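Me: Please take a close look at the open sheet in this structure, and explain how its strands are arranged. A word on enclosed space elsewhere in the structure would also be welcome.

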Amino acid sequence: METKATTSFKKYIIWFWAIVLGGLLFFVGLFFAGSVGGLGALPTFEELENPQTNLATEVISADGVTIGKYATENRTPIKFSELPDNLVSALVATEDERFYEHSGIDYRGTARAVIKPGSGGASTITQQLAKMLFTGERSTNKLERVLQKVKEWVVATKLEKQYTKQEIIAMYLNKYDFLNQAVGIRSAARIYFGKEPKELEIQESAMLVGMLKNSSYFNPLRREELVKQRRNVVLLQMTKNNYITESEKINLQQLPLDLNYTPESHDEGYATYFRTHLQKVMRKWVQNNPKPNGEEYNIFSDGLKIYVTIDSRMQKYAEEAVSEHMANLQSYFFKEQENNRTAPFYDIDKELTEGILDRAKKNSERYKRLKIAGKSSKEIDKIFKTKTKMKVFSWKGDKDTIMSPNDSIKYYKHFLRSGLLSIEPQTGHIKAWVGGINNKHFKYDAVAQQKRQVGSTFKPFVYATAINQLRRSPCDMLPNTPYTIPVGKYGIPEPWTPENSNQEYGGMLTLKDGLAGSVNTMSARLIDEVGPENVVRLAKAAGIETEIQANPSIALGAVDLSLYEMVSAYSTFANKGLRVKPMIITRIEDKNGTVLKDFVPKTQEVLSEESAYVILNLLEGVTKSGSGIRLRSNWTSGGGAVTGFPYKFENAIAGKTGTTQNQSDGWFMGIVPNLATGVWTGGEDRATHFAGIAKGQGATMALPTWALFMQKCYEDKSLNISKEDFEKPENLSININCDEKPEDTNIGTSLDTDF
């Protein structure tokens with residue numbers, strides 16, 4: 001007969017097994033319910049195969065460098081083979097020591113987490129990936145959190161069946177948000193260390209793995225010392241798991257973070273103005289080139305790859321050249337404005353000055369935001385007069401200051417702007433595009449958006465028309481005397497008699513002398529010989545798209561054109577008279593590498609090869625004895641404002657300077673056999689300019705940027721920028737051997753001055 005104690009003990013045993021088995025059955029039932037979608041929708045097979053994620057569109061340069069991205073999330077996925085071993089080791093050692101042993105769920109780690117809460121180890125890498133991909137944010141409700149955890153387990157086991165361990169690691173690192181626009185490991189490596197992932201050192205990989213615990217908390221830009229401590233924990237874990245030795249750990253833990261913060265926002269990095277222009281081009285392209293299902297590609301999330309013509313090396317040199325010269329030139333402009341009571345403007349009255357500043361105010365983002373917010377004009381005016389803290393641009397870096405928005409508008413009006421565009425004439429490929437001095441503070445693009453009077457840089461089209469149609473020779477002589485086109489001819493309302501800028505007349509000049517000295521009487525005679533309509537026709541065929549009025553004054557450059565148009569047209573001279581339409585894109589691929597579009601150049605014959613060579617010969621004269629002579633000489637009237645002088649170029653250069661009325665615009669167009677580059681410099685407003693010609697001419701404002709850029713390009717032998725002579729056509733029938741000597745010409749002070 002059983003005792004009472006024995007009966008009681010059996011009861012406890014029954015209850016024990018009932019609880020254990022019941023809990024197990026509950027767990028199995030919960031897991032089963034989760035696996036069939038009873039706890040909420042689960043990803044389908046197709047979703048597992050192609051998990052939805054926002055992928056950045058990459059802009060890839062001609063030399064294979066990613067120069068920018070368009071992104072909702074700045075993520076560019078990479079394969080496991082592109083990850084360094086030290087990064088994978090750091091990840092496994094820190095986040096999931098038994099990663100290669102389990103099938104998605106680490107039961108030992110889970111049991112430890114249940115028995116000893118806070119000990120960690122419950123979530124495997126696969127579970128963390130499941131949570132990021134499919135199960136959403138962590139719930140604060142305990143019951144919901146348990147159900148969410150079950151879903152994570154279910155998805156994790158599915159992921160383990162569907163993917164290899166290597167693929168899971170790659171997916172996890174590609175998905176994680178490392179903050180500061182660094183979504184995914186490739187962006188993180190580039191932004192925090194300026195490297196591709198494969199180039200990461202052990203300590204750098206350890207820092208990034210350390211951020212996986214909580215990137216908001218372990219943010220290296222805000223908590224450097226804390227992040228270093230976390231990195232050292234990762235290095236400790238790597239030692240415990242035999243990935244590095246004790247001595248390596250000790251040495252690595254002593255190293256600083258040594259960040260090389262390289263943000264990839266739209267206002268930073270290289271080719272910012274180009275990327276803005278490219279985005280506009282791509283928006284139109286996706287509208288006209290839908291996906292197979294009819295949907296429009298999203299350039300911010302579909303992971304396209306846009307292969308562009310820009311060369312990252314040349315782009316870097318171009319931006320450096322613009323910055324070097326403009327910072328120096330600006331210092332001279334600031335100094336001049338100290339004695340200008342209407343600074344930074346000349347030649348305008350108070351009413352016009354107020355009009356310029358008022359337009360700038362109404363075009364500002366601050367004004368537009370206040371208008372949208374419903375503020376009255378009186379309220380807005382008060383805000384613009386009130387001093388406030390702000391960060392403003394300077395050539396020594398952004399600076400914190402206190403000023404009113406009105407004062408900041410006037411402050412920015414003091415800054416001279418500049419643009420540079422460089423094209424390979426034979427292909428039409430745009431190799432460098434600098435739209436301004438700083439895209440963050442000065443948005444207007446001086447390459448494509450802006451049109452300014454081109455001055456003497458238009459004269460070569462007049463000469464080219466005379467050469468192409470009349471077979472004029474550079475050695476032909478014309479009188480340097482005033483020349484009048486009478487009223488009514490070409491529809492002009494009054495007689496037109498242009499003056500030479502230096503007021504020097506007399507004698508006979510060759511065409512080569514006339515272009516080298518930018519002699520206005522010569523240009524007037526030539527345009528009357530060929531007719532303005534023919535000059536316009538040739539200019540448009542060469543690449544000028546702006547509507548030009550066919551009147552004689554265009555011979556002196558009285559027409560507003562863009563830098564883009566001018567460099568495109570000058571490229572025609574360098575390409576033996578064949579115009580190749582400028583290109584910025586060579587190929588577009590989707591995220592899988594499928595080619596969506598290959599772009600091919602469009603060509604048009606504009607000039608005969610002989611005529612093109614003769615105009616190049618004329619333009620070489622500008623750099624040998626005319627306003628471009630400072631490229632070769634040891635003397636300049638521009639003084640210290642001519643940055644980097646002397647340049648001492650000895651190779652063939654065809655060029656032309658240009659300076660408009662009151663020195664409002666300075667231009668230089670320079671050509672070598674396989675590169676045509678143009679530079680414009682001036683104020684945002686035409687009333688912003690140097691008072692005198694020495695510093696205000698194109699040879700001082702624009703030519704130095706060209707010279708600095710070309711010096712840098714020539715120093716980089718991998719670019720193969722030509723120093724050869726221009727190729728001479730066989731059986732050249734136009735005489736170019738004038739046996740001229742600069743000292744025998746009658747072009748006066750224009751040897752170092754352009755008007």
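Reply: In this predicted model, five strands form an open sheet in the order β2-β1-β3-β13-β14, and their pairing is mixed. The two edges are held by β2, residues 66-70, and β14, residues 595-598. Each of these edge strands has a single partner, so one side of each is left without a neighbour in the sheet. From one strand to the next, the twist averages 15°.

At the β2 edge, the partner is β1, which spans residues 57-60. The β1 and β2 strands run in the antiparallel sense and are joined over 4 bridges. Within this pair, T57 stands opposite Y70 of β2.

As to enclosed space, a search of the whole structure gives 2 cavities of 30 Å³ or more. The second largest cavity holds about 30 Å³ of space. Its lining consists of I423, P425, G428, S568, S571, T572, L578, R579 and V580. Two elements, helix α22 (563-574) and strand β12 (578-580), each supply at least two residues of that lining. Sorted by class, the residues lining the second largest cavity comprise 4 nonpolar, 4 polar and 1 charged. The charged residue is R579, whereas S568, S571 and T572 are among the polar ones. The nonpolar group includes I423 and P425.

Definitions and conventions
Residues numbered from 1 in each chain as written. Predicted model: local features only at pLDDT ≥ 70, side-chain atom pairs only at ≥ 80, totals over all residues. Heavy atoms only, no water. 1 Å grid on protein atoms, 1.4 Å probe; cavity = no way out; pocket = protein on both sides within 12 Å on 5 of 7 lines; lining within 4 Å. Points joined across faces, edges and corners; volume = space filled by probe spheres on them. Pairing = 2+ DSSP bridges. Axes fitted to C-alpha atoms, helices over the stretch in contact; angles between N-to-C directions.
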